[in-house]
Amino acid sequence: MPFVIAILGALGAAAFWWYRMKAMNDAAREVADVVGRVQGNIRRKKLRKQAALSPLTAIDDPVVAAATLITAIVSEDGPVLPQREAVIREVISQIADGPKKTDEAVVYAKWAASQIDDTTIVIDKLAPFLRERLDPHEREDLLQMLNRVAQGGEQRLKIQDQRILRLRQKLGFEVN
């Protein structure tokens with residue numbers, strides 16, 4: 001009889017520890033699943049951010065960069081309507097080498113601005129690019145071009161002060 005009790009005790013202990021190990025294994029699996037989901041979310045967010053920047057990273061011409069920057073800022077509150085697009089074409093034609101270059105810059109600018117939801121990203125990415133390639137006088141001309149586009153078109157646009165301040169700062173102007 002003591003032998004049977006010992007075997008039943010050993011079987012009970014083995015069943016107890018087997019159940020504990022199974023519960024620990026399930027808990028470890030759940031933790032691994034949560035970690036995997038968090039890592040996946042981080043990777044997806046990084047990919048979304050890279051995809052959002054891809055139209056901007058392809059820009060290697062100051063004329064296209066200026067057109068994209070201006071278009072993104074004026075299209076922040078709505079689509080670029082034909083009259084405003086005509087004003088954009090007019091100001092870009094003053095710095096472009098010809099009508100073909102103007103068309104290319106404006107078409108790319110409209111597409112890139114429609115791909116990126118946040119104007120701040122456009123400013124943060126393109127203003128340093130333009131700062132490196134333009135002299136201070138040309139940078140001031142860029143701000144005047146933006147102002148002319150905002151004043152032209154169907155109705156005058158009020159560009160947000162923080163956008164202008166951020167742009168001035170990123171272009172290397174002193175901001176008070």
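Leaving aside its neighbours within four places in sequence, which residues is D61 in contact with? The tour below arrives at D61 after a view of the chain. Please keep in mind that this is a predicted model.

**Stop 1: the whole chain.** Display the chain as a cartoon and follow it from the N terminus. The elements run α-α-α-α-α-α-α; there are seven helices and zero strands. The radius of gyration is 30 Å, well over the 16 Å that the globule rule gives for 176 residues, so the chain is more spread out than a compact globule. Along the principal axes, the C-alpha atoms fill a box of roughly 105 × 35 × 30 Å.

**Stop 2: surface and interior.** Next, switch on the surface of the chain. About 11,500 Å² is exposed, and carbon and sulfur atoms supply 57% of this area. Of the 176 residues, 32% count as buried. Among contacts between residues at least 6 apart in sequence, 79% join residues at least 24 apart.

**Stop 3: the charges.** Select the charged residues of the chain. There are 26 positive and 23 negative charges, and their mean positions are 9 Å apart.

**Stop 4: D61.** Select α1 (2-57) and then α2 (62-74); D61 is found in the loop between them. Is D61 buried or exposed? Its relative accessibility is 16%. Buried means under 20%, so D61 counts as buried.

**Stop 5: the contacts of D61.** Finally, add K101 and F129 to the selection. These two residues answer the opening question: D61 is in contact with K101 and F129, leaving aside its neighbours within four places in sequence.

Note on methods:
Residues numbered from 1 in each chain as written. Predicted model: local features only at pLDDT ≥ 70, side-chain atom pairs only at ≥ 80, totals over all residues. Heavy atoms only, no water. Helix = DSSP H or I, 4+ residues; strand = E, 2+ residues; numbered from the N terminus. Rg over C-alpha atoms; globule rule 2.2 N^0.38 Å. Buried < 20%, exposed > 50% of the residue type's maximum accessible area, 1.4 Å probe, protein only. Contact = heavy atoms within 4.5 Å. Areas by Shrake-Rupley, 256 points an atom, 1.4 Å probe, with all protein chains shown as cover. Lys, Arg positive; Asp, Glu negative; His and termini not counted. Charge placed at Lys NZ, Arg CZ, Asp CG, Glu CD.
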